[in-house]
Amino acid sequence: MTEKELLAVACEQFLGKNVQDIKNVVLQTLEGHLRSILGTLTVEQIYQDRDQFAKLVREVAAPDVGRMGIEILSFTIKDVYDKVDYLSSLGKTQTAVVQRDADIGVAEAERDAGIREAECKKEMLDVKFMADTKIADSKRAFELQKSAFSEEVNIKTAEAQLAYELQGAREQQKIRQEEIEIEVVQRKKQIAVEAQEILRTDKELIATVRRPAEAEAHRIQQIAEGEKVKQVLLAQAEAEKIRKIGEAEAAVIEAMGKAEAERMKLKAEAYQKYGDAAKMALVLEALPQIAAKISAPLTKVDEIVVLSGDNSKVTSEVNRLLAELPASVHALTGVDLSKIPLIKNATGAQV
């Protein structure tokens, strides 16, 4: 080493020794470290990875030789061998492996070459397809541009043709408008002439038709008014007749009402005069009507059957009903039948 401190250390170690002695010291130091590292590795590791083996030797030996002022710039394993041909056997195996790997490499290379060739062909076809596509695109663009130009030319031609036809239509419209204006003027003159003719015809109709018609209508109107007056007078006469008849019927009804009222008055006076006898007569007159109303529902009954096992019981029931009859009449009319004196009819029976 050239540094001053390390150079002083080297002088202390090797001062007075020749070059060979220095080589021997360094060689022995490296051999010692080499043996110690060999003890930690397998034969295969040493044989197959010499660089790693040399690196380990440098890393382990560098501090020791550095303390002697020596720097290891390079350290390589020149050869590895043994006396029992173990390493040569490993070499044969390695050779076979290398041969195998070589064959595999050749096969893979051929495969890769085939793949690459196919890829190249594919790329060539892709390029060709792209070129054909670009050519087709160019042709299509050309055709589209050509069609666009043709369309634009056609549009301009159509616009020009349309403008020409439109201008022609405008001219025809102007001509037609002038013709219409002439027809309007002619029509106005014709209308004026027709109006004059209508006035003349109207006057002629007034003289020949309207005046006689008005006279006839006036005559018919007078006749109709006379007929209407006649109908009115007849209706008034009929109404007067109906009124007179109604008044006569009303007078008759009034007289009958007065007569009935007088009769009722006299009847009331008679009832008042005869007192209870008159009331009794009214009750007796009303009893048949009351009995008819009470027995009216029985008219719808075909047959009445009285269920009783004893004839005397039926008789007693009838007697009981007859006995209760005066009480029922008294409750309905206020007249006590038990106080009415008995009279004999023409047959001698008591009533």
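**Close-up views of a predicted model**

**View 1. His33, a buried residue of helix α2.** In this predicted model, His33 has a relative accessibility of 14% and therefore counts as buried, since buried means under 20%. The place of His33 is in helix α2, and, when residues up to four places away in sequence are not counted, His33 touches Val60, Ala61 and Asp64.

**View 2. The two sides of helix α2.** The 20 residues of α2 should span 28 Å at 1.5 Å a residue, and the C-alpha atoms at the ends of α2 are indeed 28 Å apart, so the two values agree. Val26, Thr29, Leu30, His33 and Ile37 are the buried residues of this helix. They cover an arc of only 90° around the axis, which means that they sit on the same side of α2. These buried residues pack against α4, whereas Gln28 and Arg35, on the other side of α2, are exposed. At the N-terminal end, α2 is capped by Asn18, which places a side-chain oxygen 3.3 Å from the backbone nitrogen of Gln20.

**View 3. The largest nonpolar core.** Twelve residues make up this core, among them Val26, Leu30, Phe53, Ala61 and Leu87. Two elements, α2 (19-38) and α4 (50-66), each give two or more residues to the core, and α4 provides the largest share, with four residues. Phe53, one of the core residues, is in contact with Leu34, Ile37, Leu38, Leu41, Ile46 and Ile77, leaving aside its neighbours within four places in sequence.

**View 4. Salt bridges along helix α5.** Side chains of opposite charge can pair when their charged atoms come close, and a search of the whole structure finds 17 salt bridges. One of them joins the side chains of Arg116 and Glu119, with 3.4 Å from N to O. Because Arg116 and Glu119 are three residues apart in helix α5 (residues 86-274), about one helical turn separates them. Arg116 is partly exposed, at 43% relative accessibility, and Glu119 is also partly exposed, at 37%. Asp137 forms a salt bridge with Arg140, and their closest N and O atoms are 4.0 Å apart.

**View 5. Lys258, Glu254 and a network of charged residues.** Lys258 and Glu254 form a salt bridge in which the closest N and O atoms are 3.5 Å apart. Both residues lie in helix α5, four residues apart, which is about one turn of the helix. Lys258 counts as exposed, at 55% relative accessibility, while Glu254, with a relative accessible area of 46%, is partly exposed. Salt bridges also link Glu240, Arg243, Lys244 and Glu247 in a network.

Terms used: Residues are numbered from 1 along each chain as its sequence is written. This is a predicted model: local features need pLDDT of at least 70, side-chain atom pairs count only at pLDDT 80 or more; totals for chains, interfaces and linings use all residues. Side-chain values use heavy atoms; hydrogens and water are left out. A nonpolar core is a set of buried Ala, Val, Leu, Ile, Met, Phe, Trp, Tyr and Cys residues joined through side-chain atoms within 4.5 Å. Buried means under 20% relative accessible area, exposed over 50%, partly exposed in between (1.4 Å probe, protein chains only). Contact means heavy atoms within 4.5 Å. The expected span of a helix is 1.5 Å times one less than its number of residues. The arc is that of the directions from the helix axis to the C-beta atoms. A polar contact is a pair of N or O atoms within 3.5 Å; within protein, one must be able to donate a hydrogen and the other to accept it, and residues adjacent in sequence count only if both atoms are side-chain atoms.
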